[in-house]
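Please read the points below beside the model, as a short note from one colleague to another. They concern the surface before the interior.

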Amino acid sequence: TPAFAKRRLLLQKPHRMNHNGCMDSQPSIFEFENTGLFLKEIFKWKQQKTPRLSTRGWAKMMGLKSPSLLVMCLAGKRAPNDELKAALEKNLGLSRSEKSYFGNLIQLSVSQGDPEKYVRLQADIRAERLKRASKKIDKQIFDVISNWYFYALREMSFTSDFTNSPD
């Protein structure tokens, strides 16, 4: 991973935590730009649910013969192969769009030698993240935002000489 990407990975948003400091819900894949970091967070989340869970146990749950590739993926040293990818998708219950995004993350990690493919995949990943980050707003909120005078009136009400009268 290039140095600029490593810095960006450190700035990722933390997951929703409950009052005990545990993650409430499964981390969303769309919050990540790195397969290894996603898998680490998933494993932490799974361990919070099942404290005695080991990488060997998780690999066994997914029907893998050996945990070695899973361990290397968690360490960020390898990308999941097709077998591990399919097992993870099933184990995590990923949706079609999450599977596609996961595939793009894996391809990004193995495309370091092909700059064009790397840039294209980064653009696809960023576009998907932006799409997920955008939120729909209802008509009432849109009307407030789109009409500048609502903000002007609101700010006028904070002035010291403002009087609340229709005159």
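1. The helices α8 (139-146) and α9 (148-156) each supply at least two residues of a nonpolar surface patch, where helices are DSSP runs of H or I with at least four residues, numbered from the N terminus. This patch covers about 1200 Å² and includes I137, I141, F142, W148, Y149 and F162. Patch members have over 30% relative accessible area and no salt bridge (a side-chain nitrogen of Lys or Arg within 4 Å of a carboxyl oxygen of Asp or Glu), with nonpolar side chains joined within 5 Å.

2. The helix α9 gives the most to the patch, with 6 residues. Y149 lies in this helix and is partly exposed, at a relative accessible area of 38%; buried means under 20%, exposed over 50%, and partly exposed in between, with a 1.4 Å probe and protein chains only.

3. This is a predicted model, in which local features need pLDDT of at least 70 and side-chain atom pairs count only at pLDDT 80 or more, while totals for chains, interfaces and linings use all residues. Residues are numbered from 1 along each chain as its sequence is written, and side-chain values use heavy atoms, without hydrogens or water.

4. The largest nonpolar core (buried Ala, Val, Leu, Ile, Met, Phe, Trp, Tyr and Cys residues joined through side-chain atoms within 4.5 Å) has 30 residues, and F38, W58, M62, L84 and F102 have the most contacts inside it. Its largest share, 5 residues, comes from α6.

5. Beyond its neighbours within four places in sequence, L84 is in contact (heavy atoms within 4.5 Å) with M62, L64, L69, L70 and C73.

Key. Patch = residues over 30% accessible without salt bridge, like charges linked within 9 Å, V, L, I, M, F, W, Y side chains within 5 Å. Areas by Shrake-Rupley, 256 points an atom, 1.4 Å probe, with all protein chains shown as cover.
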